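Please read the points below with the structure open beside you. They go from the cores to the two chains and then to single strands and residues.

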Amino acid sequence: MSKVRVLVGTHKGAFILTSDGKRDNWKVSGPHFAGWEIYHLKGSPADPNRIYVSQTSGWFGQTIQRSNDGGKSWEPVGNKFSYDGVPGTHQWYDGTPHPWGFKRVWHIEPSLVDPDQVYAGVEDAALFHSTDGGQSWSELSGLRQHDTGPHWQPGAGGMCLHTIILDPADPQRMYIAISAAGAFRSDDAGKTWKPINKGLVSNMMPNPTGEVGHCVHHIAAHPSRPGVLFMQKHWDVMRSDNAGDTWQEVSGNLPTDFGFCIDVHAHEPETLYVVPIKSDSEHFPLDGALKVFRSRTGGNEWEPLTKGLPQKDCYVNVLRDAMAVDSLDDCGVYFGTTGGQVYVSPDAGDNWSPIVRDLPAVLSVEVQTLA
Amino acid sequence: MPHVETKSIRVILPYHLRNLAQTGEEVTLAISPPITVRTVLDAIESRYPMLRGTIRDHDSLKRRPFLRFFACAEDLSHNSPDDPLPESVASGREPLLIIGAIAGGSR
């Protein structure tokens, strides 16, 4: 029978939650790397027992851990992330030039076909690549050296490269997103990049439709339609049907179009999930009621999903990498909160229940569907 | 070639680095003089490669800001990494302490 393994990164360690396909009886393993910030952990699609972890600390810096047995044991691998050449400067919050400096790995994206190949999105924004299972990392510096690089600015959380999407139909094509530079696409396996932000409107920018500067929070795509992208921008939910060349807003009837996470149903490429959050700066659910919104029409028409979720006195956030789906026949949807809950819906969002309630603040959630 | 005698140097690692290196609180390293912060860290990183970058920067070799080096009740953090360590550390009577700064915060 199929199983699921949920990989949870928190402010104080990693947790692994496992269940059979019913998804009603869970085993919790952890904390792994107790006390460290685990921004992200993700398994290789080519070998689910290979898992990579970004483990960081304000005291001790960055470490990357790797498992070859599905998270039972770990080994530290390479943690040297050196920018290619002379790094130069980007813009600081006050508009002055600021030297590029590595801080941490926000997102790890294993190759779709090779367990030893893996990408890392880092702060200050850059993309790194390893072909030896994470032992050594080299920068794909064409991204950071794009003409617009000196004009990129950090968002409130730092200038992070937080989203990496590999096109399953075209190994040359990949997408990344940076807060707050925007989205970029490469059609040559990461050598060169172009901003793909046409159609985004960010009123906090001097030029709201600028080529870069947009605070993209997350992007999701369905594997069967790699040219169709869905974006949760700081404000606005957007979609693109041409690989990011142009975007249109699909916020529709959402009660607020601010949020962090977005994901797509495993078997219905036009079914989307977001968690609307109140902003400016409050960053908790509207009226203290935690609601996932689902669109079955690729956006614009949204329905609230509340069954099993707290509908009063709830003031948590759901961060950008903290939602995921499994690929069982009845698609499971998962998300983690800054209050330490990880929720599961085994029926595509109709019903929810907490797997765990009291973890440290959740930074990321990934799901592996295992045979 | 003249014989250079190595010294047994004791180092106390902070809790999280012990876990990362899967070692005990105190490690003992055989180091040829001079006995300095630099030669001690070189020896630690050689024996425990997973600690590279966690105590000092990979490239600049500067001490990470929230770590301190103590020995013999003195803070040596701001000394040159090439200064000789106190005789009692070089002779193995006292350990070099690598300390994570107390920085209680929101997390």
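1. The largest nonpolar core in this predicted model holds 107 residues. The residues with the most contacts inside this core are Val8(A), Ile176(A), Ile219(A), Cys261(A), Tyr334(A), Val342(A) and Val365(A). Find these seven in the view before going on, since two of them return below.

2. Val8(A) is worth a look as one member of that core. Leaving out residues up to four places away in sequence, Val8(A) touches Ala14(A), Phe15(A) and Leu17(A). On the same terms, Val8(A) also touches Gly336(A), Val342(A), Leu359(A), Val362(A) and Val365(A). Val342(A) and Val365(A) are themselves listed among the residues with the most contacts in the core.

3. There is also a second, separate core, of 25 residues. Its members include Leu13(B), Ile31(B), Ile35(B) and Val40(B).

4. Now the overall build of chain A. This chain has 30 strands and zero helices. Its radius of gyration is 19 Å, close to the 21 Å that the globule rule gives for 371 residues, so chain A is as compact as a globular protein of that length. The C-alpha trace of chain A spans about 50 × 45 × 40 Å along its principal axes. Of the 371 residues in chain A, 54% are buried. Among contacts in chain A with a separation of 6 or more, 49% are between residues 24 or more positions apart.

5. Chain B has three helices and five strands. Along the sequence they follow the pattern β-α-β-α-β-β-α-β. The radius of gyration of chain B is 14 Å, which agrees with the value near 13 Å for a compact globule of 107 residues. The C-alpha trace of chain B spans about 55 × 25 × 25 Å along its principal axes. Buried residues are 28% of the 107 in chain B. Of the contacts in chain B between residues at least 6 apart in sequence, 57% join residues at least 24 apart.

6. How many residues of each chain are in contact with the other chain? The contact involves 14 residues of chain A and 13 residues of chain B. On the chain A side, strand E6 (residues 61-67) gives the largest share, with three residues. That side consists of nine polar, four nonpolar and one charged residues.

7. Three strands of chain B can be followed through their pairing. Strand E1 (residues 7-12) of chain B pairs with strand E5 (residues 96-100) of chain B in the parallel sense, over two bridges. Here Val11(B) stands opposite Leu96(B) in E5(B). Strand E3 (residues 67-71) of chain B is joined to E5(B) by four bridges, and these two strands run antiparallel. Phe69(B) has Ile98(B) in E5(B) as its bridge partner.

8. Back in chain A, consider strand E4 (residues 37-43). Is this strand enclosed or open to the outside? Seven of its seven residues are buried, so E4(A) is largely enclosed by the rest of the structure. E4(A) pairs with strand E5 (residues 51-57) of chain A in the antiparallel sense, over six bridges. Within this pair, Glu37(A) stands opposite Thr56(A) in E5(A).

9. Another part of chain A is an open sheet of four strands, in the order E26-E27-E28-E29, with antiparallel pairing. Why do E26 (323-325) and E29 (353-356) of chain A count as edges? Each has a single partner strand, so one side of each is left without a neighbour in the sheet. On average, neighbouring strands of this sheet are turned by 25 degrees against each other, direction ignored. Strand E28 (residues 342-345) of chain A and E29(A) are joined by three bridges. Val342(A) stands opposite Val356(A) in E29(A), and Val342(A) also belongs to the core of point 1.

10. The last point concerns Gly182(A), which lies in strand E16 (residues 182-186) of chain A. Is Gly182(A) buried or exposed? With 25 other C-beta atoms within 10 Å, Gly182(A) is buried, as the cut-off for buried is 20 or more. Apart from neighbours within four places in sequence, its contacts include Ala177(A), Pro195(A), Asn197(A) and Leu200(A). Val212(A), Gly213(A), His214(A) and Val216(A) are also in contact with Gly182(A). Leu319(A), 137 residues apart from Gly182(A) along the chain, is separated from Gly182(A) by 17 Å between C-alpha atoms.

Methods:
Residues numbered from 1 in each chain as written. Chains lettered and ligands numbered in written order. Predicted model: local features only at pLDDT ≥ 70, side-chain atom pairs only at ≥ 80, totals over all residues. Core = buried A, V, L, I, M, F, W, Y, C linked by C-beta atoms within 7 Å. Buried ≥ 20, exposed ≤ 12 C-beta atoms within 10 Å, placed from the backbone. Contact = placed C-beta atoms within 7 Å. Nonpolar A, V, L, I, M, F, W, Y, C, P; charged D, E, K, R; others polar. Pairing = 2+ DSSP bridges. Axes fitted to C-alpha atoms, helices over the stretch in contact; angles between N-to-C directions. Rg over C-alpha atoms; globule rule 2.2 N^0.38 Å.
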